[in-house]
Amino acid sequence: MIFRETPFIGLYLIELEPIEDERGSFTRTFCSEEFRLHGINPHVAQCNLSYNRKRGTIRGMHYQLPPYEEVKLVRCTQGAIQDVVIDLRPESPTYGQWYTTELNKHNHKMLYIPEGFAHGFQSLLDDTEVFYQMSRAFVAEAAAGIRWNDPSFRITWPLPCCVISNKDQNYPDYAL
Ligand SMILES: Cc1cn([C@H]2C[C@H](O)[C@@H](COP(=O)(O)OP(=O)(O)O[C@H]3O[C@@H](C)C(=O)[C@@H](O)[C@H]3O)O2)c(=O)[nH]c1=O
(Lines give C-alpha, C1' and ligand atoms only; values in the text may rest on other atoms or scores of the structure.)
Protein backbone atom coordinates (compact mmCIF):
# COMPACT_ATOMS: atom_id res chain seq x y z
CA MET A 1 0.00 0.00 0.00
CA ILE A 2 1.22 3.48 -0.84
CA PHE A 3 0.02 6.19 1.54
CA ARG A 4 -0.38 9.52 -0.30
CA GLU A 5 -0.87 12.62 1.79
CA THR A 6 -3.58 15.05 0.69
CA PRO A 7 -3.78 18.81 1.33
CA PHE A 8 -5.91 17.90 4.38
CA ILE A 9 -3.93 16.89 7.47
CA GLY A 10 -4.60 13.26 8.36
CA LEU A 11 -6.58 12.48 5.19
CA TYR A 12 -4.81 9.86 3.03
CA LEU A 13 -5.37 8.47 -0.42
CA ILE A 14 -4.08 4.91 -0.24
CA GLU A 15 -3.01 3.15 -3.42
CA LEU A 16 -3.30 -0.59 -3.44
CA GLU A 17 -0.56 -2.67 -5.05
CA PRO A 18 -1.97 -5.76 -6.75
CA ILE A 19 0.55 -8.55 -7.31
CA GLU A 20 -0.31 -10.12 -10.65
CA ASP A 21 0.36 -13.63 -11.88
CA GLU A 22 -1.22 -16.09 -14.32
CA ARG A 23 -4.13 -16.72 -11.94
CA GLY A 24 -5.05 -13.08 -11.54
CA SER A 25 -3.90 -10.91 -8.66
CA PHE A 26 -3.45 -10.70 -4.93
CA THR A 27 -4.02 -7.40 -3.15
CA ARG A 28 -3.59 -6.47 0.48
CA THR A 29 -6.40 -4.05 1.36
CA PHE A 30 -5.73 -3.48 5.05
CA CYS A 31 -2.81 -4.03 7.38
CA SER A 32 -2.89 -2.75 10.95
CA GLU A 33 0.92 -2.77 11.15
CA GLU A 34 1.31 -0.60 8.02
CA PHE A 35 -1.34 1.77 9.31
CA ARG A 36 0.45 2.03 12.65
CA LEU A 37 3.77 2.73 10.89
CA HIS A 38 2.11 5.68 9.12
CA GLY A 39 0.68 6.92 12.40
CA ILE A 40 -2.92 6.34 11.41
CA ASN A 41 -5.67 4.61 13.33
CA PRO A 42 -5.92 0.90 12.44
CA HIS A 43 -8.84 0.08 14.71
CA VAL A 44 -11.78 -1.64 13.00
CA ALA A 45 -15.06 -1.84 14.90
CA GLN A 46 -17.45 -2.33 11.97
CA CYS A 47 -17.39 -3.09 8.23
CA ASN A 48 -20.19 -2.02 5.88
CA LEU A 49 -21.25 -2.72 2.33
CA SER A 50 -23.31 -0.12 0.50
CA TYR A 51 -25.08 -1.12 -2.72
CA ASN A 52 -26.35 1.64 -5.00
CA ARG A 53 -28.70 0.58 -7.74
CA LYS A 54 -28.75 3.78 -9.79
CA ARG A 55 -26.08 6.06 -11.20
CA GLY A 56 -26.35 9.48 -9.57
CA THR A 57 -27.34 8.21 -6.09
CA ILE A 58 -26.03 10.39 -3.27
CA ARG A 59 -25.43 9.26 0.31
CA GLY A 60 -24.13 11.72 2.91
CA MET A 61 -22.68 13.89 4.16
CA HIS A 62 -22.46 11.88 7.40
CA TYR A 63 -20.53 12.10 10.65
CA GLN A 64 -20.96 11.19 14.31
CA LEU A 65 -21.03 13.80 17.04
CA PRO A 66 -18.46 13.78 19.87
CA PRO A 67 -17.51 11.62 21.66
CA TYR A 68 -18.39 9.15 18.86
CA GLU A 69 -16.27 10.51 15.97
CA GLU A 70 -15.09 7.76 13.67
CA VAL A 71 -12.35 6.95 11.20
CA LYS A 72 -13.46 5.47 7.84
CA LEU A 73 -11.56 3.54 5.21
CA VAL A 74 -13.53 3.58 1.95
CA ARG A 75 -13.11 1.42 -1.15
CA CYS A 76 -15.30 0.93 -4.22
CA THR A 77 -15.55 -2.77 -5.06
CA GLN A 78 -17.97 -2.54 -8.00
CA GLY A 79 -18.77 0.38 -10.29
CA ALA A 80 -17.49 3.85 -9.39
CA ILE A 81 -18.09 6.67 -6.93
CA GLN A 82 -17.12 10.26 -6.45
CA ASP A 83 -16.15 10.23 -2.79
CA VAL A 84 -16.40 13.53 -0.91
CA VAL A 85 -15.35 14.65 2.57
CA ILE A 86 -15.76 17.94 4.45
CA ASP A 87 -13.23 19.00 7.09
CA LEU A 88 -15.21 19.88 10.24
CA ARG A 89 -12.20 20.26 12.56
CA PRO A 90 -12.30 23.89 13.78
CA GLU A 91 -8.56 23.91 14.49
CA SER A 92 -7.66 22.63 11.01
CA PRO A 93 -6.18 24.92 8.32
CA THR A 94 -8.65 23.37 5.87
CA TYR A 95 -11.70 23.75 8.15
CA GLY A 96 -14.90 24.03 6.12
CA GLN A 97 -13.26 22.89 2.87
CA TRP A 98 -14.13 19.73 0.95
CA TYR A 99 -12.00 17.20 -0.85
CA THR A 100 -13.08 14.76 -3.51
CA THR A 101 -11.64 11.83 -5.39
CA GLU A 102 -12.96 9.11 -7.67
CA LEU A 103 -12.80 5.58 -6.31
CA ASN A 104 -13.67 2.79 -8.70
CA LYS A 105 -13.33 -0.93 -9.21
CA HIS A 106 -10.23 -0.48 -11.35
CA ASN A 107 -8.17 2.38 -9.90
CA HIS A 108 -7.00 0.52 -6.76
CA LYS A 109 -7.53 3.51 -4.48
CA MET A 110 -8.98 3.84 -0.99
CA LEU A 111 -9.68 6.95 1.05
CA TYR A 112 -8.64 7.00 4.71
CA ILE A 113 -10.79 9.59 6.52
CA PRO A 114 -9.73 10.61 10.02
CA GLU A 115 -12.09 11.73 12.78
CA GLY A 116 -13.65 15.15 12.33
CA PHE A 117 -14.79 14.83 8.70
CA ALA A 118 -18.25 14.44 7.17
CA HIS A 119 -18.35 11.80 4.43
CA GLY A 120 -20.53 11.08 1.43
CA PHE A 121 -20.43 9.89 -2.15
CA GLN A 122 -22.26 9.81 -5.46
CA SER A 123 -22.42 6.66 -7.57
CA LEU A 124 -21.13 7.24 -11.11
CA LEU A 125 -22.47 3.95 -12.51
CA ASP A 126 -25.47 1.70 -11.92
CA ASP A 127 -24.88 -1.23 -9.55
CA THR A 128 -22.12 0.41 -7.55
CA GLU A 129 -20.90 -1.20 -4.35
CA VAL A 130 -18.85 0.50 -1.63
CA PHE A 131 -17.09 -1.33 1.17
CA TYR A 132 -15.91 0.62 4.19
CA GLN A 133 -14.40 -0.01 7.59
CA MET A 134 -15.17 2.14 10.60
CA SER A 135 -13.14 2.59 13.77
CA ARG A 136 -16.26 2.88 15.87
CA ALA A 137 -19.64 1.21 15.79
CA PHE A 138 -22.64 3.15 14.47
CA VAL A 139 -24.39 5.13 17.22
CA ALA A 140 -27.79 6.22 15.91
CA GLU A 141 -28.21 9.00 18.52
CA ALA A 142 -24.85 10.53 17.52
CA ALA A 143 -25.44 10.37 13.76
CA ALA A 144 -25.48 13.79 12.07
CA GLY A 145 -25.37 15.07 8.52
CA ILE A 146 -24.82 17.95 6.14
CA ARG A 147 -27.07 18.36 3.10
CA TRP A 148 -25.43 17.51 -0.23
CA ASN A 149 -26.23 21.01 -1.56
CA ASP A 150 -25.62 23.03 1.62
CA PRO A 151 -24.75 26.61 0.56
CA SER A 152 -21.92 26.82 3.12
CA PHE A 153 -19.90 24.25 1.17
CA ARG A 154 -21.10 24.35 -2.47
CA ILE A 155 -19.93 20.83 -3.27
CA THR A 156 -19.73 20.21 -7.01
CA TRP A 157 -21.24 16.81 -7.74
CA PRO A 158 -20.47 15.19 -11.08
CA LEU A 159 -24.06 14.15 -11.86
CA PRO A 160 -27.54 15.42 -11.05
CA CYS A 161 -28.78 13.99 -7.75
CA CYS A 162 -31.25 11.30 -8.85
CA VAL A 163 -31.72 9.19 -5.70
CA ILE A 164 -31.27 10.33 -2.09
CA SER A 165 -32.86 9.38 1.24
CA ASN A 166 -35.41 11.68 2.89
CA LYS A 167 -33.06 12.01 5.83
CA ASP A 168 -30.18 13.19 3.65
CA GLN A 169 -32.37 15.57 1.63
CA ASN A 170 -33.67 17.37 4.72
CA TYR A 171 -30.72 18.30 6.91
CA PRO A 172 -30.99 21.99 7.83
CA ASP A 173 -28.28 24.41 6.63
CA TYR A 174 -25.04 23.88 8.51
CA ALA A 175 -23.76 26.76 10.67
CA LEU A 176 -20.02 27.01 10.00
C1 LIG B 1 -24.72 3.62 8.90
C2 LIG B 1 -25.56 2.48 9.52
C3 LIG B 1 -26.89 2.37 9.25
N4 LIG B 1 -27.62 1.39 9.82
C5 LIG B 1 -29.06 1.27 9.46
C6 LIG B 1 -29.90 2.48 9.71
C7 LIG B 1 -30.91 2.42 8.58
O8 LIG B 1 -31.97 1.56 8.96
C9 LIG B 1 -30.17 1.76 7.43
C10 LIG B 1 -29.64 2.75 6.42
O11 LIG B 1 -28.92 3.77 7.13
P12 LIG B 1 -28.45 5.09 6.43
O13 LIG B 1 -29.55 5.64 5.62
O14 LIG B 1 -27.86 5.97 7.49
O15 LIG B 1 -27.30 4.53 5.47
P16 LIG B 1 -26.26 5.36 4.61
O17 LIG B 1 -26.90 6.62 4.14
O18 LIG B 1 -25.68 4.48 3.61
O19 LIG B 1 -25.16 5.75 5.70
C20 LIG B 1 -23.79 5.67 5.41
O21 LIG B 1 -23.47 6.71 4.50
C22 LIG B 1 -22.09 6.85 4.17
C23 LIG B 1 -21.94 8.07 3.29
C24 LIG B 1 -21.22 6.88 5.37
O25 LIG B 1 -20.22 7.59 5.45
C26 LIG B 1 -21.53 5.87 6.41
O27 LIG B 1 -20.79 6.08 7.60
C28 LIG B 1 -23.00 5.80 6.71
O29 LIG B 1 -23.39 6.98 7.41
O30 LIG B 1 -29.10 1.03 8.04
C31 LIG B 1 -27.06 0.47 10.65
O32 LIG B 1 -27.74 -0.43 11.20
N33 LIG B 1 -25.73 0.55 10.94
C34 LIG B 1 -24.96 1.52 10.39
O35 LIG B 1 -23.71 1.58 10.65
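How many nonpolar, polar and charged residues does the shell around the ligand have? In this predicted model, the shell has two nonpolar, seven polar and two charged residues. The surrounding residues are Asn48, Ser50, Arg59, Gly60, His62, Lys72, His119, Gly120, Phe121, Phe138 and Ser165. Three strands each give two or more residues to this shell: β5 (46-52), β6 (58-64) and β11 (117-123).

Two open sheets are described here, beginning with the one that contains β5. Six strands make up this sheet. Their order is β1-β2-β10-β7-β12-β5, and they pair in antiparallel fashion. β1 (2-5) and β5 are the edge strands. Each has a single partner strand, so one side of each lacks a neighbour in the sheet. On average, neighbouring strands of this sheet are turned by 25° against each other, with direction ignored.

The pairings within the six-strand sheet can be followed strand by strand. β2 and β10 run antiparallel and are joined by four bridges. Glu15 has Lys109 as its bridge partner in β10. Four bridges also connect β7 with β10, again in an antiparallel arrangement. Here Arg75 is partnered by Met110 of β10. On the β12 side, six bridges join β7 (residues 72-78) to β12 (residues 128-134), and these two strands run antiparallel. Arg75 stands opposite Phe131 in β12. Arg75 thus has Met110 as its bridge partner in β10 and faces Phe131 in β12. β10 itself is mostly covered, with four of its five residues buried.

The other open sheet has five strands. The order is β9-β8-β11-β6-β13, with antiparallel pairing. β9 and β13 occupy the edges. Each of these has a single partner strand, so one side of each is left without a neighbour in the sheet. Neighbouring strands of this sheet are turned by 25° against each other on average, direction ignored. β6 and β11 run antiparallel and are joined by three bridges. His62 has His119 as its bridge partner in β11. Both histidines, His62 and His119, are among the residues that surround the ligand.

The largest nonpolar core has 29 residues. Those with the most contacts inside this core are Val74, Ile81, Val85, Met110, Tyr112, Ile113 and Ala118. At least two core residues come from each of β2 (12-15), β6, β7, β8 (80-87), β10 (109-113), β11 and β12. β8 gives the most, with five residues. Met110, one of the core residues with the most contacts, is also the bridge partner of Arg75.

Ala118 illustrates the packing around one core residue. Leaving out residues up to four places away in sequence, Ala118 touches Gly60, Met61, His62, Tyr63, Val85, Ile86, Leu88 and Ile146. Among these contacts, Gly60 and His62 also belong to the surroundings of the ligand. Val85 is another of the core residues with the most contacts.

Several backbone features stand out. Gly60 and Met61 are joined by a cis peptide bond, with omega about 0°. Met61 is placed in strand β6. Gly60 is one of the residues around the ligand, and both Gly60 and Met61 are touched by Ala118. A cis peptide bond also leads from Pro66 to Pro67, where omega is near 5°. Pro67 lies in the loop between β6 and β7.

Positive phi values occur at His108 and Arg154. For His108, phi is near 55°, a positive value in a residue other than glycine. His108 sits in the loop between β9 (98-104) and β10. Is His108 buried, exposed or partly exposed? His108 is partly exposed, because 18 other C-beta atoms lie within 10 Å, and buried status requires 20 or more. For Arg154, phi is near 50°, likewise positive in a residue other than glycine. The loop between β13 (143-145) and α2 (166-169) holds Arg154. Arg154 is exposed, because it has 8 other C-beta atoms within 10 Å, and the exposed class covers 12 or fewer.

How values were computed:
Residues numbered from 1 in each chain as written. Predicted model: local features only at pLDDT ≥ 70, side-chain atom pairs only at ≥ 80, totals over all residues. Near = placed C-beta within 6 Å. Nonpolar A, V, L, I, M, F, W, Y, C, P; charged D, E, K, R; others polar. Pairing = 2+ DSSP bridges. Axes fitted to C-alpha atoms, helices over the stretch in contact; angles between N-to-C directions. Core = buried A, V, L, I, M, F, W, Y, C linked by C-beta atoms within 7 Å. Contact = placed C-beta atoms within 7 Å.
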